[in-house]
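Let's take a walk through this structure together, one region at a time. Have the model open beside you and follow along.

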Amino acid sequence: MLWMNEVFKQIRDRVKPPQWASWQTLLFLSIFSVIVAALTTSPQPQIAQRIISSFGWVFLILSVWWFVYEKPVKEKLTVYDLFLGPWIVGALVCVYLFGTIENNVPSQTAFISWPPISSIIWASPKFVKSDPSTKSPVYANPTKPKRQDIILVLLANLVISCWFQFYFQTQDWLTTNQGLRAEDFSRSSFVWQPQRYDRATVLSRGADILNLAAQNVRTELEGKPWGQVERWLTQLDQQVPRLRQQVRNELPRSPETDLWTLNAQVTSAAYDLQLQALSSRPNSRREGYELTRTCRITQVGRPGAAPEFRFNEQAPPATAPNRQQIVATVQCGAIDPVRRIEPSRS
């Protein structure tokens, strides 16, 4: 038992605050609040647990605020006469406020609000002075140089906040507009691209689109009566959107697929159907590509069905010769060499 008492005494000496009014006391109160909140069980929406955990956050923020203003710590956190402690406290305040409100840490709102909140924390001590008689803090008007510093720091942090907002806005644009992902943002400081632009991958996906389109055209027209095929070709403006949607449904969803647009046109009186995959985009600084593949649709004769004789009938069987049926056959060539499209200047 003596050794246990000695261990507890050493632990107590180490964790005991030098005085009750210190940042260590606030830190221990924060830890105690977290433990109590973890042990507290309350029904939804857990109001008691939230109140106790909020006290833990408040004690932690006040403890860190006090700690960074300790003289040796403040000297280490001062870079080019700029004290960085308020920005550390500001980060904790943002995590507590917006983590509690939005239940998402770190959130965009927390990042955007961090610079102005930190500048307010930085400027607040300049409005407080110690009363010489009572030694209590009282309100004081900052001097003219201090007011200029406050305005400059506040405006600089608002600019930083605007840059954060711009960064998140560009990321939202990339998320909602898949075509922007193929642009080259390698020189941008605000766009983070998980995947680099790969020309070979993009062209490979264009070839997949053409191959699937040719396969679907063969499935729909091969062996069909010629009249039906001609009607299909004359209604090509209605067939292309449906063919485009079929190809999109059969391909795996990816940003490269969204870059391509499938078109088709009849290029000759012999019914040469040219399938075109186009990756050009308006207002894009990157060159586009065009892939084409031509399918020749011709008519061939196919023997008609043999007449079915019924020997149990009294009437003699018909002796008319079989009529040859005209049907379509589809032959698709290879994909033509890729053609580059210059970016639009608008």
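Before we start, one term: a residue is called buried when its relative accessible area is under 20%, exposed when it is over 50%, and partly exposed in between. Please keep in mind that this is a predicted model.

With that term in hand, turn to the cysteines. How many disulfides does a search of the whole structure find? The search gives 1 disulfide, and the partners are Cys 295 and Cys 332, with sulfur atoms 2.0 Å apart. Cys 295 sits in strand β7 (residues 288-302) and Cys 332 in strand β8 (residues 325-332), so the bond ties together parts that are 37 residues apart in sequence. The torsion about the S-S bond is about 105°, which makes the disulfide of Cys 295 and Cys 332 right-handed. Both Cys 295 and Cys 332 are buried. Two other cysteines make a nice contrast in setting: Cys 94 is buried, at a relative accessible area of 2%, whereas Cys 162 is exposed, at 53%.

Strand β7 is also a good place to look for charged pairs. Arg 296, in β7, forms a salt bridge with Asp 272, and their closest N and O atoms are 2.7 Å apart. Since Asp 272 belongs to strand β6 (residues 272-278), this pair ties together parts that are 24 residues apart in sequence. Arg 296 is partly exposed, with a relative accessible area of 42%, while Asp 272 is buried at 10%. Another salt bridge joins the side chains of Arg 339 and Glu 290, at 2.5 Å from N to O. Here the link runs between distant parts of the chain, from Arg 339 in strand β9 (residues 339-341) to Glu 290 in strand β7, 49 residues apart. Arg 339 counts as partly exposed at 47% relative accessibility, and Glu 290 is buried at 11%.

Now for a charged pair between helices. Glu 220 and Arg 242 meet through their side chains in a salt bridge of 2.9 Å, N to O. Glu 220 lies in helix α8 (residues 199-221) and Arg 242 in helix α10 (residues 236-250), so the pair connects parts that are 22 residues apart in sequence. Glu 220 is buried, with a relative accessible area of 18%, and Arg 242 is partly exposed at 33%. The count for the structure comes to 4 salt bridges.

Next, find helix α5, residues 85-102. Its 18 residues reach 25 Å from the first C-alpha to the last, close to the 26 Å expected at 1.5 Å a residue. Among the buried residues of α5 are Trp 87, Val 89, Leu 92, Val 93, Tyr 96 and Phe 98, along with the Cys 94 we met earlier. What do the buried residues of α5 pack against? They pack against α3 (47-68), β2 (82-83), α6 (108-123) and α7 (144-176). Just after α5, Asn 103 takes a positive phi of about 55°.

Let's finish at the surface, close to the start of the chain. A nonpolar patch of about 980 Å² is found there, with Trp 3, Met 4, Phe 8, Phe 28 and Leu 39 among its residues. Helices α1 (2-15) and α2 (23-39) each supply at least two residues of the patch, and α1 gives the largest share, with 6 residues. Met 4 is one of the patch residues in α1, and Met 4 is partly exposed at a relative accessible area of 31%.

Methods: Residues numbered from 1 in each chain as written. Predicted model: local features only at pLDDT ≥ 70, side-chain atom pairs only at ≥ 80, totals over all residues. Heavy atoms only, no water. Patch = residues over 30% accessible without salt bridge, like charges linked within 9 Å, V, L, I, M, F, W, Y side chains within 5 Å. Areas by Shrake-Rupley, 256 points an atom, 1.4 Å probe, with all protein chains shown as cover. Helix = DSSP H or I, 4+ residues; strand = E, 2+ residues; numbered from the N terminus. Buried < 20%, exposed > 50% of the residue type's maximum accessible area, 1.4 Å probe, protein only. Disulfide = S-S within 2.5 Å. Expected span 1.5 Å × (residues − 1). Contact = heavy atoms within 4.5 Å.
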